Amino acid sequence: MDQLDLLNPEQKAAVTHEGGHLLVLAGAGSGKTRVLTQRAAWLIQNNKVKAEEMVLLTFTNKAASEMKERIIQISNEKPWFAGTFHSFGAKVLRNEGRAIGIDPNFVIYDTVDQKEAIADIMKELNLNPEIYAPAVIYDLIEEAKTGHVSPMQFGEYARGDLQQKAFLVYKKYDEYLRESNALDFNDLLIKTVDLLIKRKDAWNERLGHVFVDEWQDTNKIQYQMTQLLLGQRAHITAVGDASQSIYSWRGADFRNVTKLSRDYPTITTLNLSQNYRSSKVIIEAANAVISKNNSHPVLSLWTENDRGQRIKIYKADSGISEAAYIAGKIKELLQVGYSLSEFAILYRANAQSRVIEEALLHAGLPYKLIGGLRFYERAEIKDLLSYMRLIENPKDSVSLIRIEKIGKKRKQAFEKFQEGANKQMATIDLLDGIIAATTYTEKYSRPTEENMAKLENIKELRSVASEFPVLSEFLENVSLISAQEAASSENKESVTMMTIHAAKGLEFGVVFIPGMEEGMFPHSRSIWDTDQLEEERRLAYVALTRAKEILYITYAQSRLLYGQRVSNPPSRFIADIPTELIDTSDNYVDQPRHYYEFD
């Protein structure tokens with residue numbers, strides 16, 4: 001059978017397009033990967049472009065490998081390159097980097113290498129890590145490099161003591177990389193752009209076609225690199241969906257979708273709007289949510305799939321009863337033929353995982369966390385638990401070693417606090433006292449997404465501390481949960497738990513989205529900012545469209561959040577879903593008393 005016969009009319013039009021540049025706006029579950037690979041194969045088979053003049057750029061090696069294998073399978077030819085932007089940069093620089101003074105035998109520094117180098121430079125410059133946190137300096141340098149800002153440019157606009165010190169470190173770090181014949185991940189893009197500019201004439205006629213997947217996730221440097229690769233001859237096929245642009249905190253810019261149309265006015269834009277993944281109800285709900293965004297193109301998805309079950313909206317009394325409800329529903333659905341691997345619990349913030357993890361453990365349901373650590377394995381939680389354990393047992397050598405690594409000044413401040421503290425104090429007071437005395441949270445003072453997630457985890461630890469006012473019982477509960485977590489992780493088949501950010505591109509039979517309350521989702525940091533609120537709405541759209549058959553949205557009347565009892569109204573995203581798509585009649589199956597014991 002001809003591969004084109006397997007395509008719908010929209011897909012076929014994109015695959016066989018002959019009019020030059022092409023932008024494919026591909027909705028969730030619309031078969032964009034199939035279109036991208038079949039378009040590449042079709043161009044080869046019909047002698048439109050030679051395979052050795054093709055470049056496919058993606059964001060994961062897995063996606064690139066799958067696309068390359070599929071192209072070879074269909075056309076019996078291999079594109080000149082298929083891989084990530086970074087791996088493309090590495091290949092080009094190893095082949096031609098001498099033109100801009102780069103030795104082809106360079107080593108690539110990962111994040112750990114970068115942070116170690118920065119820490120060494122700060123030591124050399126006599127910068128006190130207690131005053132100038134290495135993590136903050138690293139974030140400032142990363143931010144500059146992502147924006148293609150050189151050390152000298154950074155120095156020109158550096159304001160205040162912190163930025164001035166970051167400039168000194170950045171300048172030294174740049175020299176350090178050159179002396180070590182090393183490039184970090186940002187350099188793989190920056191230096192490739194520098195090379196393409198220097199050797200513009202050599203690259204102008206080199207390629208015939210450039211394919212870019214997930215176009216909405218490209219940043220400033222990746223956009224510039226793509227433009228340089230196109231030169232005067234090559235055409236582009238960019239595939240993306242502005243409605244699924246959820247990585248602005250990494251530098252991704254959904255506006256690159258409309259920018260491409262402005263920079264290449266002859267480009268053809270085609271839509272893929274038929275969804276093959278989800279039920280009609282789920283698609284209609286997702287459309288209703290995303291349609292409120294105004295700053296980017298919004299596709300109206302449709303599907304020929306069954307109408308499916310209405311979306312289950314459940315109002316819980318508390319966060320703990322919400323988690324128990326989720327565990328109870330999973331057990332019910334297991335009885336009617338679903339398997340553990342078909343369930344996903346998707347949450348807005350990592351800190352939400354703690355109470356759900358405990359509910360699944362109590363219910364005997366194995367689970368795995370994707371793209372993150374279990375709550376009590378997170379570094380900031382382990383740090384604070386080490387301080388707490390030393391209050392309970394000053395001879396705990398493992399905890400002592402850990403707090404020594406946190407910092408000498410903080411260790412001294414803790415020891416001073418420890419002299420006046422006692423085990424009879426309420427756990428929450430001990431935890432708050434330790435945080436204040438050691439100024440621990442200042443480690444995460446720079447407002448990056450990662451730092452804010454760590455602060456939320458610390459606040460969630462306060463919730464546990466307030467549930468267990470006796471220190472020994474608090475520590476015993478942590479140990480028991482940690483042991484159960486370790487046992488649960490040994491199961492091969494399990495419920496999947498992850499943030500919505502980590503879930504993009506995945507699909508599950510049954511999806512639970514907990515914490516659908518104002519201030520949680522949309523996040524409190526986003527409510528008063530139009531751009532951020534639109535990104536939260538895109539995040540909700542991504543969450544809804546992960547579900548194939550059954551979708552549960554839950555919220556709590558009140559919950560213990562970050563150590564405080566809060567009551568927030570249901571999320572505006574629930575209000576966006578038409579009432580005829582919602583089922584609120586779902587009866588709750590009572591759970592054992594221990595779910596509510598401390599709530």
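**Entry 1: α19 against α20**

I looked up which residues of α19 meet α20 in this predicted model. On the α19 side I noted Thr 427, Ile 428, Leu 431, Asp 432 and Ile 435. On the α20 side I noted Ile 458, Leu 461, Arg 462, Ala 465 and Ser 466. Sorted by class, the residues of this contact are 6 nonpolar, 2 polar and 2 charged.

Next I checked how the two helices are set against each other. Helix α19 covers residues 427-438 and helix α20 covers residues 449-467. Their axes come within 8 Å and cross at roughly 150°. Angles over 145 degrees count as roughly antiparallel, so I entered α19 as roughly antiparallel to α20.

**Entry 2: strand β14 and its partners**

I then turned to strand β14, residues 547-556. Is it enclosed, and why? I found 8 of its 10 residues buried, so the strand is largely enclosed by the rest of the structure.

I looked up the pairing of β14 with two strands. Strand β9 (residues 311-316) pairs with β14 in the parallel sense over 5 bridges. Here Tyr 314 has Thr 554 in β14 as its bridge partner. Strand β13 (residues 508-513) also pairs with β14 in the parallel sense, over 5 bridges. For one position I wrote down Ile 513, which stands opposite Ile 553 in β14.

I also traced the connection from β13 to β14. Together with helix α23 (residues 530-544), β13 and β14 make a β-α-β unit, and the unit is right-handed.

**Entry 3: Ile 553**

I picked Ile 553 in strand β14 for a closer look. Its relative accessible area is 1%, so I list Ile 553 as buried. Leaving out residues up to four places away in sequence, I found that Ile 553 touches Ile 311, Lys 312, Ile 313 and Tyr 314. Ile 553 also touches Ile 513, Met 516, Leu 544, Ile 574 and Ile 577. I checked the spacing to Ile 313: the two C-alpha atoms are separated by 4.9 Å, although the residues are 240 residues apart along the chain.

**Entry 4: Ser 558**

Last, I looked past the strand. Ser 558 lies in the loop between β14 and β15 (559-561). Is Ser 558 buried or exposed? I found a relative accessible area of 17%; buried means under 20%, so Ser 558 counts as buried. With residues up to four places away in sequence not counted, Ser 558 touches Asp 317, Ser 318 and Gly 319. I also noted contacts of Ser 558 with Arg 565, Val 566 and Ser 567.

Notes:
Residues numbered from 1 in each chain as written. Predicted model: local features only at pLDDT ≥ 70, side-chain atom pairs only at ≥ 80, totals over all residues. Heavy atoms only, no water. Axes fitted to C-alpha atoms, helices over the stretch in contact; angles between N-to-C directions. Helix = DSSP H or I, 4+ residues; strand = E, 2+ residues; numbered from the N terminus. Parallel < 35°, antiparallel > 145°, perpendicular 65-115°, else oblique. Contact = heavy atoms within 4.5 Å. Nonpolar A, V, L, I, M, F, W, Y, C, P; charged D, E, K, R; others polar. Buried < 20%, exposed > 50% of the residue type's maximum accessible area, 1.4 Å probe, protein only. Pairing = 2+ DSSP bridges. Right-handed = clockwise from strand over helix to strand, strands pointing away.
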